[in-house]
Amino acid sequence: MGYTPEMLEMIKKVEATRAARVEKKARGEEFAAMGIDERNELKKKFHPDYKSDALRKVKIGPNAGDEMVNKFVDVLETPSSLELDKVDLNKVDYETDVLIIGGGGAGCAAAIMAAEEGANVLLMTKLRLGDANTMMAEGGIQAAVRAKDSPRTHFLDTIGGGHFKNEPELVRALVFDAPVVIDWLDRLGTMFTKNEKGVMMTIHGGGTSKKRMHSAADMSGAEIMRTLRDAARGKPNVTVVEFEPAVELILDDKGQCFGAVVKNLETNQYKVVRAKATIVSTGGSGRLHYQDFDTTNHYGATGDGLVMAYHAGCKLCFMHPVQYHPTGVVYPAQNIGLLITEKVRGLGAQPINAEGEQFVFPKEPRDIESSAFIRECHDRGKGVPTPTGRVGVWLDSPMIDMLHGEGTVRRELPAKFRQFMNHGIDISRLPMLVYPTLHYQNGGVEMESDAHSKQIPNLYFAGEVAGGIHGENRLMGNSLLDINVFGRRAGGSAAKASRSVELGSPSLTHVVEYNREAGKKGLTGRVAAPILLPDYVGKIK
Amino acid sequence: MSAEAKTKEKEEKVGLDLSKANFIDIYIMGKRYSVPDTLPIMKALEFCGYKLIRGVGCRGGVCGACATVYRTKGDPALKVALACQKVVEPEMYLAQIPFFPAGRAVYDDIEKMEPTAATVRGMYPEIAKCMGCNTCTKSCPQDLKVMEYISAALRGDIEKAARLSFECVMCGLCTTRCPANIVQPNVGILCRRLYGSRMAIKSPELARRVREIKEGKHDKPMDEVVAVAKKGVDKLRPLYEEVQKDKEPDSTPRFGED
Ligand SMILES: Cc1cc2nc3c(=O)[nH]c(=O)nc-3n(C[C@H](O)[C@H](O)[C@H](O)COP(=O)(O)OP(=O)(O)OC[C@H]3O[C@@H](n4cnc5c(N)ncnc54)[C@H](O)[C@@H]3O)c2cc1C
Ligand code: SF4
Ligand code: SF4
Ligand code: FES
């Protein structure tokens, strides 16, 4: 338990420089941030996205010819996992106004809004309601609330962070709804961290020019998720079905979305859902382990929604840049890949190499920060080895109490403190060892700013499954925001539309044809998709 | 393939250097398995060949999906843990709890509810039957003072109940053991929502900004910047660099009012 004697010895080098670093930091001095050209060069040399085998061109479907991350192409270049012969489309098992696929933050926000519009809502989810990436978010949620900040500034920070590739209308929706979302969550009962005058705590995140990250201790996502889940459960016209994921979308003869085929994970039976409007909010895909990276994501993050939407004819965007979070756990090995929130750096902890030196501005955008860590470990040879053969850099968390007063770590990072204490490490006294981890799917399915699919009528998207909002790189705190902004928009739009939709007859021809095309192109060798659950049998992941 | 290469391949597949691992025996639903002693229960289950459907979520100790009960040989005590956090112990007999029936009271609009003892007792009358046995506290994997938050709720000290239950992951382990049939996590979330919505002081600047947005004060600056964005990077980059140059220093207060 705890650090090995060898590691404790190495920590001495961090301790040796700590007092001087704290003193400088308290004076407001930091390691210099990089300029745009320097950032670009670093990224090209060290970011995983730029490795020669990172990407390949997809050979099938609406994005044929586009480059995407390799292991994601694997789940596109394969037939559907739906056993078509076991589905009877003439027998409808569930009938609803609005079907929501995926019960994370986006799904619950959508359910609440659709229910308030008077629609009957059926929320089908793969695991338990709220077992989701949303639950895991620690750091916070962005919104331009303070007078010195503005939605305009938030817009610019977001679009610059996304390398100017973001869909401007989606960013407008994101930043414009942001204060309304914070107010809504506050009224639903989210316990934001505030002072005695009601002023909410705000800190910086990578790439923000104003402090606008709101939080609930270091359990921001959990607090938001628990609140949204309870609020969704409280709606009399919301029905939740757990452990029953969607496997494919159903279209009708007019090409509109008709609902979905879902699978009962206990009995393995397929069921047919007929819905006047369908929202896909299935989240991300970290469990596909791009480039074999460990991940921060929950067990159900297998990219199902992307695959289903793709089979139905939706286009994807930005599936080439993947977000690696610079600070993933590398020690203890049991927690490998788990996130250490950016808030730790926000509170003043610095990344330090094996020599006890600072080597990077602590709050570069994530892709840059990650690249700098990889350079330190694999190019400059100043990484810290672990007993299981990994390598990482220190994140000097004891600085936090020195900067902000004894007890700050325990008060502001209670969950992280507990998680390390479980393994005998007191992070208010000892630094943590970190390395980049697979964190976030920057891209996803194309949509309009009312959350409607760009390609298929009656179909909506919200949350991490959607693409375009964040361009090539999402800023911290903009995702908890986007799931609420677009979850609310999707719920409202879908409920309104459901009043006038006329559905035709259901069909899975798109799946039959996708399978046929895959067969023709010889893309049949790998596991079928959506995969629904990762395969860890006999492994340690 | 050489023996060495084979081990290497196995190692990569498994994700751990098995030759260096220390193996111990555990019993999953009564069957014996040998597993590396550094694994949390969840990874041990997978290592032994289980494909998990229930009993797994975040894998990081925050979602509460992985409630597990166990006994160790020779010790009569029934223990509880989160499978993703608890490291296996020798001679551990364990099973995961796939589902535990626990009712949620019927309520919808939290903003119309009073943050009082009467509200909480009305929703969950069984809390009055708490017999103070403290079993809930002893069974909480988060080390929360569960009995104390239930009694705070009973007294109508909603703020205390909210704060004491803040780190509740809603795993339901306390509920499985409570002789008074109390569903503690649901009492906790009710109190947190009542506190957050009805008692915590509202942010004055948030109210101001929401009003400004509704009044359309930010429409014009947004329209303008969106129009520039549509013209392309070259036009937009200078605006971005301008706001970045004006970056707020780290040293401004974290509860900055303006
Ligand atoms: C560790 C961690 C920390 C983070 N920290 C922050 C942060 O501080 N700030 C921030 O802004 N963002 C953060 N993020 C990102 C953010 O939390 C997520 O991007 C966001 O919450 C995703 O929400 P979602 O509703 O789209 O997806 P999720 O919350 O993942 O919900 C998706 C749900 O869909 C279900 N599902 C999946 N497939 C199917 C299917 N086939 N059928 C039915 N249901 C299905 C899943 O089980 C899950 O319940 C963090 C992410 C992680 C993993
Ligand atoms: S209070 Fe109960 S439900 Fe909450 S974490 Fe503790 S044992 Fe689990
Ligand atoms: S276990 Fe039940 S009865 Fe015992 S102290 Fe806790 S709430 Fe009260
Ligand atoms: S899997 Fe989420 S707490 Fe264990």
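In this predicted model, the contact between the two chains draws on 98 residues of chain A and 89 residues of chain B. Together the chains bury about 8800 Å², and carbon and sulfur atoms account for 57% of that area. There is plenty of polar chemistry to look at here too: the interface of chain A and chain B holds 17 salt bridges. One of them pairs the side chains of A:Glu223 and B:Arg192, with an N to O distance of 3.9 Å; the cut-off for a salt bridge is 4 Å. Polar contacts between chain A and chain B come to 41 residue pairs, counting pairs with both residues at pLDDT 80 or more.

On the chain A side, the elements that put two or more residues into the contact with chain B are α2 (36-46), α5 (133-136), α6 (151-161), α7 (168-188), β6 (202-203), α8 (220-233) and α14 (414-421). The biggest giver is α7(A), with 12 residues. Sorted by class, this side of chain A has 41 nonpolar, 24 polar and 33 charged residues.

Turning to chain B itself, the chain splits into domain 1 (12-96), domain 2 (110-199) and domain 3 (204-245). Domain 1 of chain B meets domain 2 of chain B through 10 residues from domain 1 and 8 residues from domain 2. The centres of these two domains, taken over C-alpha atoms, sit 29 Å apart. About 680 Å² is buried between domain 1 and domain 2 of chain B, with 69% of it coming from carbon and sulfur atoms. As for specific polar pairings, the tally between these two domains is 0 salt bridges, and the polar-contact count is likewise 0 residue pairs, with both residues required to be at pLDDT 80 or more. The face of domain 1 of chain B that touches domain 2 of chain B gets at least two residues each from β3 (67-72) and β4 (79-82) of chain B. Of these, β4(B) makes the largest contribution to that face, 3 residues. By class, the face has 7 nonpolar, 3 polar and no charged residues.

Next come the ligands. Ligand 1 is surrounded by 41 residues, and the closest are A:Thr134, A:Gly140, A:Glu464, A:Ser479 and A:Leu480. A polar side-chain atom of A:Thr134 comes to 2.5 Å from an oxygen atom of ligand 1. Backbone atoms join in as well: a backbone N or O atom of A:Asp131 is 2.9 Å from a ligand 1 oxygen, and a polar backbone atom of A:Gly105 is 3.3 Å from an oxygen atom of ligand 1.

Ligand 2 has its surroundings in chain B, with B:Cys140, B:Cys168, B:Cys171 and B:Cys174 among the residues around it. Other members of the shell include B:Pro141, B:Tyr149, B:Met170 and B:Pro185. By class, the shell around ligand 2 has 10 nonpolar, 2 polar and no charged residues.

Finally, a few backbone oddities in chain A. A:Tyr331 and A:Pro332 are joined by a cis peptide bond, with omega about 0°, and A:Pro332 belongs to the loop between β13 (322-329) and α10 (343-346) of chain A. Another cis peptide bond links A:Ala529 to A:Pro530, again with omega about 0°; A:Pro530 falls in the segment after α16 (509-520) of chain A. A:Phe318, although not a glycine, has a positive phi of about 55°. The loop that holds A:Phe318 runs between β12 (316-317) and β13 of chain A.

Key: Residues are numbered from 1 along each chain as its sequence is written. Chains are lettered from A and ligands numbered from 1 in the order in which they are written. This is a predicted model: local features need pLDDT of at least 70, side-chain atom pairs count only at pLDDT 80 or more; totals for chains, interfaces and linings use all residues. Side-chain values use heavy atoms; hydrogens and water are left out. Domain bounds come from an automatic or database domain assignment. Contact means heavy atoms within 4.5 Å. Buried area is the accessible area (1.4 Å probe) that two parts lose on being put together, summed over both. A polar contact is a pair of N or O atoms within 3.5 Å; within protein, one must be able to donate a hydrogen and the other to accept it, and residues adjacent in sequence count only if both atoms are side-chain atoms. Helices (H or I, at least four residues) and strands (E, at least two) are DSSP runs, numbered from the N terminus. Ala, Val, Leu, Ile, Met, Phe, Trp, Tyr, Cys and Pro count as nonpolar, Asp, Glu, Lys and Arg as charged, and the others, Gly among them, as polar. A residue is near a molecule or strand if one of its heavy atoms lies within 4 Å of it.
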